Structures are given as structure tokens and as C-alpha cells.
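The following exercises are to be worked through with the sequence and the model at hand. Each task is followed by a solution in steps.

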Amino acid sequence: MPLLVNGELIDLARPTRDLSRAHPQLEEKAKLLRSQPARVVEPKGLLYVQQREFAVTTPGDGSVSILGSDDATTCHIVVLRHTGSGATCLTHCDGSDTEAEVSLIMGAVKSFSDPTGRGRLEVHLVGGFNDDRQLSQKLTNQLLRAFHLQPDELHLVTFCVTELNDREEKDIHFPIIYGIAVNVKTAEIFPATFPEKGPDEDLRSARVLTGATFKVPFVSCLLPPRAPCLTHTAPLSLQLTNVYDAKTEELHIGPYFWRPFPYVDFWLEQDDKQILQNLSTSPLAEPPHFVSHIRSTLTFLKEHPFPSRSLFPDRKPRIYKKNEEGLWEQVCSDKM
């Protein structure tokens with residue numbers, strides 16, 4: 001079935017930059033979204049979604065009222081919602097396997113859909129900018145095509161990506177919006193930042209850093225003598241994972257397994273510039289905390305070279321539920 005805007009078929013043969021011109025309502029909505037200051041979302045009632053994760057829930061959820069993600073430069077944050085059931089999914093996509101990821105979140109939302117057939121599926125795309133390598137543009141194209149290929153009719157409601165999410169300062173391009181949140185009760189979507197990105201922020205980041213191809217090729221001169229290029233040591237892809245069970249209202253992390261990170265001490269010794277140049281798709285556009293975040297993840301990997309021993313000895317996920325204060329609290333296995 002086609003991807004529609006206000007009932008009109010999107011022409012994927014045209015450049016995506018022409019999409020907002022053909023459908024001015026998309027440009028107006030993007031302008032409105034860009035004009036809003038980012039709200040600080042506190043942990044109470046929040047389910048934070050990291051890169052290559054997704055979560056889906058409904059308005060009836062007694063634990064989670066907000067889904068959110070940020071730190072998206074060339075990445076895109078996708079919200080898929082069924083207006084009948086209110087089932088809402090948020091995911092943070094980086095272009096690793098976009099068609100499979102879109103099919104996965106479609107299935108997740110449809111599993112909660114209204115059996116009477118009332119309502120429609122709405123898509124909201126936010127993120128990316130005019131980066132030099134055109135990675136944002138590539139991901140925008142991939143997402144539009146992947147949704148267009150779905151068997152269900154889909155309605156594109158928000159399109160604040162790439163050119164529509166770009167600002168320029170001293171000849172350097174930056175995203176305007178780095179993060180968004182969606183209120184699953186009201187369906188409101190707004191720019192957002194998140195002081196707390198847990199639980200298990202470093203663990204979840206380590207999964208991405210070790211389980212997927214590095215964002216850009218490492219420069220060989222940065223490596224110790226005779227060291228292989230790190231891009232050759234990582235698997236080619238990492239599957240998008242669902243971190244939340246809306247029926248039990250539990251957050252599931254892992255189990256994740258990786259080999260000892262190559263030359264972790266060497267990377268921890270590098271200055272900020274080297275880390276930015278080698279671990280980012282857009283070194284000049286990253287948020288200020290990017291390097292400290294990477295260092296924290298590398299330190300975590302150094303402390304846990306074998307997660308099967310230190311983190312997941314029973315090969316079961318770490319499970320969290322919201323407590324009375326609305327904060328995540330780990331559930332002991334003997335209470336499960």
C-alpha cells in the first residue's frame with residue numbers, strides 16, 4: 001500500500017527535498033516543531049530508547065507515559081502510531097537494515113491495533129541534517145521507501161528530516177532537533193532532552209559499539225603497531241531490538257554478549273579530537289557530551305570484557321519495572 005500525505009500518494013521518484021514543496025503542510029509542521037524549545041524530560045514515567053532499540057506501548061500503560069530518544073545527528077527518530085488503538089512505537093534508526101527495521105516496528109504496532117479496524121497508521125520522521133557525507137539524506141530515502149513498501153496504508157504526518165532539520169553556523173551544518181519525545185496518552189510529539197538515559201545506559205551503548213560496524217572507518221595511523229583496522233573486527237549488522245513488554249510493563253535489557261574490545265586502553269588514551277573523528281558520522285555536529293559518553297562506554301567495556309561472566313551469567317535479561325516513584329527498579333530473579 002502507498003505512503004500518503006493528506007490522502008495524496010507520495011511520489012518517491014522525485015527527490016525528497018521536493019516532498020515538502022509538493023506537500024506544504026509537511027513544511028509547516030516541521031517549522032512548528034523546529035520553533036519549539038527542547039523540553040527537559042525527567043525520568044518519571046519515561047522510557048528512553050537508545051540507538052538500534054525500539055519500544056511500543058499503549059495509552060493504557062500504567063508505567064510509561066513518555067517514549068523518547070535523542071543524540072541523533074545523522075540518525076532519524078521514528079514514531080509510528082495507530083490512531084485507533086493509540087499503540088505508539090518509537091525507534092532510533094541509523095540505516096543499518098532499514099527495511100527489516102520498519103517491518104519489525106510495523107508488526108509491533110499492529111499487534112496492539114484495534115480489531116474493529118477503526119483508525120489509521122501515522123508516521124513521524126525527525127532527525128538528520130545536511131551532513132557532508134549525505135548519510136542523513138540516504139537514511140531519509142531508505143525510510144520513505146521502506147514504509148512505502150509495507151502492505152498497509154500509512155500516513156506521513158511529520159517530516160522534519162535532513163534539509164528541514166538543518167541549521168548552518170560559520171559554514172558548519174548542525175541538526176536543529178537532536179531528540180524528541182512522544183506522550184503516549186495524548187500523542188503529542190515535541191523536541192526533548194533527557195538528563196537520565198537509563199537504566200543500564202553504558203551496557204546498552206556497549207551493545208551498539210561492539211555489536212555493529214563502526215560508523216566510519218578507523219584511520220590506521222591511530223592504531224597501535226600491527227593492529228588491525230577495528231572495522232574488520234566487528235559484525236556487519238546489529239538487529240533492532242525491542243526493549244519493552246507493554247503487557248507486563250517491564251523493560252528487558254539483554255542478554256548481550258561481545259568479545260573483549262580491541263585495544264580499549266589505546267582508545268581511552270586518545271584525545272577528544274581523535275575520538276570524535278573516528279567514532280562519529282558527524283564530528284563537528286555532535287552534542288557536547290558525545291566524547292564523555294564514548295569514554296564512559298569504553299570504560300564499561302574494559303570493566304566487562306566477558307559479559308557472559310559479569311553481566312549475564314544465567315543468560316537471562318536484566319528486567320526492570322517502574323516503582324511507586326515512577327523510576328526504573330531492577331526486578332530480582334527470585335521475585336519473578
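Two strands are taken to pair if DSSP finds at least two bridges between them. The structure is a predicted model, and this definition of pairing is used in the first exercises.

**Exercise 1. Determine which strands β8 pairs with, and give a bridge partner in each case.**

Step 1. Strand β5 (residues 53-57) is joined to β8 by four bridges, and these two strands run antiparallel. Within this pair, Val-56 has Cys-89 of β8 as its bridge partner.

Step 2. β7 is joined to β8 by six bridges, again in an antiparallel arrangement. Here Val-79 has Leu-90 of β8 as its bridge partner.

Step 3. Both pairings meet the cut-off, because at least two bridges are required.

**Exercise 2. Place β8 in its sheet and identify the edge strands.**

Step 1. The sheet is open and has eight strands, in the order β2-β1-β10-β9-β7-β8-β5-β15, with mixed pairing. At its edges stand β2 (8-9) and β15 (241-242); each has a single partner strand, so one side of each lacks a neighbour in the sheet.

Step 2. In this order, β7 stands between β9 and β8. Seven bridges connect strand β7 (residues 76-82) with strand β9 (residues 121-127), and the two run antiparallel. His-76 has Gly-127 of β9 as its bridge partner.

Step 3. A helix is also to be placed: α4 lies across β1 (3-5), β2, β7, β8 (88-93), β9 and β10 (154-161), and runs at about 20° to β7.

**Exercise 3. State how many residues of β8 are buried, and which way their side chains point.**

Step 1. β8 is mostly covered, with six of its six residues buried.

Step 2. Thr-88, Leu-90 and His-92 point one way from the strand, while Cys-89, Thr-91 and Cys-93 point the other way. The residues on both sides are all buried.

**Exercise 4. Describe the surroundings of Gly-86, and decide whether this residue is buried or exposed.**

Step 1. Gly-86 is found in the loop between β7 and β8. The hairpin of these strands has five residues between them, and Gly-86 there takes a positive phi near 80°.

Step 2. The relative accessible area of Gly-86 is 3%. The cut-off for a buried residue is under 20%, so Gly-86 counts as buried.

Step 3. With neighbours within four places in sequence left aside, Gly-86 is in contact with Thr-57, Thr-58, Pro-59, Arg-81 and Val-184. From C-alpha to C-alpha, Gly-86 and Gly-119 are 8.9 Å apart in space, although 33 residues separate them in sequence.

**Exercise 5. Describe how α3 packs against α4.**

Step 1. Two packed helices are described by the angle between their axes and the distance between the axes.

Step 2. For helix α3 (residues 98-110) and helix α4 (residues 135-148), the axes come within 9 Å and cross at roughly 50°. The helices are therefore oblique to each other, and their crossing is right-handed.

Step 3. From α3, the contact involves Thr-98, Glu-99, Val-102, Ile-105 and Met-106; from α4, it involves Leu-139, Gln-142, Leu-143, Ala-146 and Phe-147. By class, this contact of α3 with α4 comprises seven nonpolar, two polar and one charged residues.

**Exercise 6. Carry out the analysis for α7 and α8.**

Step 1. The axes of helix α7 (residues 272-279) and helix α8 (residues 290-303) come within 10 Å, crossing at roughly 85°. α7 and α8 are therefore roughly perpendicular to each other.

Step 2. Asp-272, Ile-275, Leu-276 and Leu-279 of α7 meet Phe-290, Val-291, Ile-294 and Arg-295 of α8. The contact of α7 with α8 consists of six nonpolar, no polar and two charged residues.

**Exercise 7. Describe the sheet that contains β16 and name its edges.**

Step 1. Four strands, in the order β16-β17-β18-β19, form an open sheet with antiparallel pairing. Its edge strands are β16 (244-245) and β19 (328-330), each of which pairs on one side only.

Step 2. β16 is joined by two bridges to strand β17 (residues 250-253), and these strands run antiparallel. Asp-245 stands opposite Glu-250 in β17.

Terms used: Residues are numbered from 1 along each chain as its sequence is written. This is a predicted model: local features need pLDDT of at least 70, side-chain atom pairs count only at pLDDT 80 or more; totals for chains, interfaces and linings use all residues. Side-chain values use heavy atoms; hydrogens and water are left out. Axes are lines fitted to C-alpha atoms, for helices over the stretch in contact, and angles run from 0 to 180 degrees between N-to-C directions. Angles under 35 degrees count as roughly parallel, over 145 as roughly antiparallel, 65 to 115 as roughly perpendicular and the rest as oblique. A crossing is left-handed if the near helix is turned anticlockwise from the far one by less than a right angle, and right-handed if clockwise. Contact means heavy atoms within 4.5 Å. Ala, Val, Leu, Ile, Met, Phe, Trp, Tyr, Cys and Pro count as nonpolar, Asp, Glu, Lys and Arg as charged, and the others, Gly among them, as polar. Buried means under 20% relative accessible area, exposed over 50%, partly exposed in between (1.4 Å probe, protein chains only).
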